[in-house]
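Q: Please take a close look at one part of this chain, its aromatic side chains, and connect it to the rest of the model. Begin outside that part if this helps, and give the reasoning behind each assignment.

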Amino acid sequence: MSIASSLKRIPYYGIGISLPFILMRHWNEWQEHHTLSMDETDKRFCRVVMDIQYQSQKFFFGEMAFNYFADQNKEFIQRRRTTRYEECFYKLPDEFKTQQFKDCFGTSDAATSRALKRLKEDGVIEKVSYGVYRKNLKVLP
């Protein structure tokens with residue numbers, strides 16, 4: 001469990017642990033009306049449980065609890081990962097032969113034929129002559 005998910009559960013523990021005790025304190029009201037009205041004592045008990053939970057996490061996880069909240073203010077940068085397929089496509093020259101494609105991708109004759117056909121249908125490449133293709137796009141969609 002990560003520190004983030006653990007910290008987010010503090011209110012859950014605060015209610016989950018203190019609720020049975022609150023229910024015992026207000027048992028008659030629960031039996032008669034099926035309601036629970038929390039008084040100041042119940043709220044203080046809930047805060048104590050949450051504080052104990054937070055302090056113990058702070059003790060066991062050290063600065064990770066502090067860093068979790070500090071990192072919330074940082075700008076999130078989404079990094080685009082390239083697949084092996086994209087990397088192979090980038091390595092090909094602008095005009096390439098079927099054998100170059102096959103060697104770069106490491107595919108069989110049948111798989112090479114299917115891939116070239118699919119790329120041609122999608123408009124990513126065009127056929128220049130027999131066994132020679134040209135890239136229409138620099139970046140795969």
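A: His34 counts as exposed, because its relative accessibility of 56% is over the 50% cut-off. The model is a predicted one. His34 is placed in the loop between helix H3 (27–33) and helix H4 (40–61). Its phi is positive, about 55°, although His34 is not a glycine.

The chain around this loop can be outlined briefly. It has 8 helices and 3 strands, and their order along the sequence is α-α-α-α-α-α-β-α-α-β-β. Of the 141 residues, 24% are buried. Among contacts between residues at least 6 apart in sequence, 48% join residues at least 24 apart. The chain exposes about 10,700 Å², of which carbon and sulfur atoms supply 56%.

Now to the aromatic side chains. The count of aromatic pairs is 5. In one of these pairs, the ring centres of Phe96 and Phe101 are 6.0 Å apart and the ring planes meet at 25°. The pair is therefore stacked, since planes under 30 degrees apart count as stacked and the centres need only lie within 6.5 Å. Phe96 is buried, because its relative accessibility is 1% and the cut-off for burial is under 20%. Phe101 is likewise buried, at 1% relative accessibility.

Phe101 also pairs with Phe105: their ring centres are 4.1 Å apart and their planes are at 25°, so this pair is stacked too. Both residues belong to helix H7 (residues 98–105), where they are 4 residues apart, about one turn of the helix. Phe105 has a relative accessible area of 3% and is therefore buried. Phe101 thus takes part in a stacked pair with Phe96 and in another with Phe105. These three residues belong to one aromatic cluster, which also includes Tyr85 and Tyr133.

A further ring has a charge for a partner. The charged end of Lys135 sits over the ring of Phe89, 4.6 Å from the ring centre.

Helix H2 offers aromatic residues in another setting. Phe21 is found in this helix and is partly exposed, because its relative accessible area of 43% lies between the cut-offs of 20% and 50%. Together with Ile17, Met24 and Phe45, Phe21 makes a nonpolar surface patch of about 380 Å². Helix H2 (residues 10–25) gives the most to this patch, with 3 residues.

Ser18 lies in helix H2 as well, but it is buried, with a relative accessible area of 0%. Leaving aside residues up to four places away in sequence, Ser18 touches Tyr13, Phe45, Cys46 and Val49. Phe45 therefore appears both among the residues that touch the buried Ser18 and among those that make the nonpolar surface patch.

In short, Phe96, Phe101 and Phe105 are buried, whereas Phe21 is partly exposed and contributes to the nonpolar patch. His34, where this account began, is exposed.

How values were computed. Residues are numbered from 1 along each chain as its sequence is written. This is a predicted model: local features need pLDDT of at least 70, side-chain atom pairs count only at pLDDT 80 or more; totals for chains, interfaces and linings use all residues. Side-chain values use heavy atoms; hydrogens and water are left out. Helices (H or I, at least four residues) and strands (E, at least two) are DSSP runs, numbered from the N terminus. Buried means under 20% relative accessible area, exposed over 50%, partly exposed in between (1.4 Å probe, protein chains only). Contact means heavy atoms within 4.5 Å. Accessible areas come from the Shrake-Rupley method with a 1.4 Å probe; for residues, only the protein chains shown count as cover. Patches are made of residues with over 30% relative accessible area and no salt bridge: like charges are joined within 9 Å, nonpolar side chains (Val, Leu, Ile, Met, Phe, Trp, Tyr) within 5 Å. A salt bridge is a side-chain nitrogen of Lys or Arg within 4 Å of a carboxyl oxygen of Asp or Glu. Rings of Phe, Tyr and Trp (its six-membered ring) pair if their centres lie within 6.5 Å; planes under 30 degrees apart count as stacked, over 60 as edge-to-face and the rest as tilted. A charge sits over a ring if NZ of Lys or CZ of Arg is within 6 Å of the ring centre and within 35 degrees of the ring normal.
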